[in-house]
Amino acid sequence: MNTRFPRSVYDKTGGIVYFARMVDKIRLQAAGTLGKDYIENLGTGFDGRCCDFLGVKYDELKKRVLTGGTDDELLQWCFQHGRKRTNDEIADWNDFMIKRGWRDGVTGRLHMRLKEAKMEHRIGEILTMFDFIEVDESRVPPKFA
């Protein structure tokens, strides 16, 4: 199997971070190109949080994704079958997700993941789960001023 990394956690659809990655993981799994390390957590973790934010069930979204459509069309489906979020709610979601792991209840998990990935020397440099995912998948996280 020729595996691929899913899209960046920072990619946005309708201004929302992470949604594009979740949809991409569904598509990659259906194509048989999603790495096995991702499969056991599909629909949970950040996927589950994103679905909760949008008010849809992961299994229903997965069925819809597999019928086709652009990321924007799929997000519109979520708004129709779940909740349409305001710009303020989207901004709060993005801020929360982008900072997850930085001085919160996930910091210990982030440090554990860094150690598992043989990157414990980067504790203090990689401060969030989003940045860890980016580095772990050979991307450079964006700089925030």
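**Figure 1. L75 sits in helix α5, which runs over residues 71–81.** The view is taken from a predicted model. L75 has a relative accessible area of 2%; because buried means under 20%, L75 counts as buried. Leaving out residues up to four places away in sequence, L75 touches T13, G14, I16, F19 and L54. One of these contacts, T13, is 62 residues from L75 in sequence, yet the two C-alpha atoms are 7.4 Å apart in space.

**Figure 2. Helix α5 has buried residues covered by other elements.** Which residues of α5 are buried? They are D71, L74, L75, W77, C78 and F79. The elements that cover them include the strands β1 and β2 and the helices α1, α3 and α4.

**Figure 3. T67 lies in the loop between α4 (58–66) and α5.** T67 is exposed, and its relative accessible area is 62%. Between T67 and L28 there are 14 Å in space, from C-alpha to C-alpha, and the two residues are 39 places apart in sequence.

**Figure 4. Helix α6 covers residues 87–99 and has the span expected of it.** With 13 residues, at 1.5 Å a residue, α6 should span 18 Å. The C-alpha atoms at its two ends are 18 Å apart, so the model agrees with the expected value. The residue G101 follows α6 and has a positive phi, near 105°.

**Figure 5. Helix α6 has buried residues on one side and exposed residues on the other.** I90, W93, N94, M97 and I98 are the buried residues in this view. Why do the buried residues of α6 line one face of the helix? Seen down the helix axis, they fall within an arc of 120°, so they share one face. An α-helix has 3.6 residues a turn, so residues three or four places apart point the same way. On the other side of α6, D88 and D92 are exposed. Among the elements covering the buried residues of α6 are β1 (12–13), β2 (16–17), α3 (45–54) and α8 (129–136).

**Figure 6. R103 and S138 both have a positive phi.** Most residues other than glycine have a negative phi. For R103, which is not glycine, phi is near 55°. R103 lies in the loop between α6 and α7, and it is exposed, with a relative accessible area of 70%. For S138, also a residue other than glycine, phi is near 65°. S138 is found in the segment after α8. Is S138 buried or exposed? Its relative accessible area is 66%, so S138 is exposed.

**Figure 7. T128 is placed in the loop between α7 and α8.** Although T128 lies in a loop, it is buried, with a relative accessible area of 8%. Its contacts, leaving aside neighbours within four places in sequence, are Y10, I98, K99, R100, W102 and L110. Of these contacts, I98 is also one of the buried residues of α6.

**Figure 8. The largest pocket holds about 680 Å³ of space.** How many residues line the largest pocket? There are 24 lining residues, and N41, R109, R113, M129 and I133 lie nearest the centre of the pocket. Two or more lining residues come from each of α1 (19–31), α2 (36–39), α3, α7 (107–116) and α8. Sorted by class, the lining has twelve charged, eight nonpolar and four polar residues.

**Figure 9. The second largest pocket holds about 330 Å³ of space.** Its lining is made of 16 residues. Which of them lie nearest the centre of the second largest pocket? These are E125, D131, P141, P142 and F144. Helices α6 and α8 each supply at least two residues of this lining. By class, the lining of the second largest pocket has ten nonpolar, five charged and one polar residue. Helix α8 thus appears in the lining of the largest pocket and in that of the second largest pocket.

Conventions
Residues numbered from 1 in each chain as written. Predicted model: local features only at pLDDT ≥ 70, side-chain atom pairs only at ≥ 80, totals over all residues. Heavy atoms only, no water. Helix = DSSP H or I, 4+ residues; strand = E, 2+ residues; numbered from the N terminus. Expected span 1.5 Å × (residues − 1). Buried < 20%, exposed > 50% of the residue type's maximum accessible area, 1.4 Å probe, protein only. Arc of directions from axis to C-beta. Contact = heavy atoms within 4.5 Å. 1 Å grid on protein atoms, 1.4 Å probe; cavity = no way out; pocket = protein on both sides within 12 Å on 5 of 7 lines; lining within 4 Å. Points joined across faces, edges and corners; volume = space filled by probe spheres on them. Nonpolar A, V, L, I, M, F, W, Y, C, P; charged D, E, K, R; others polar.
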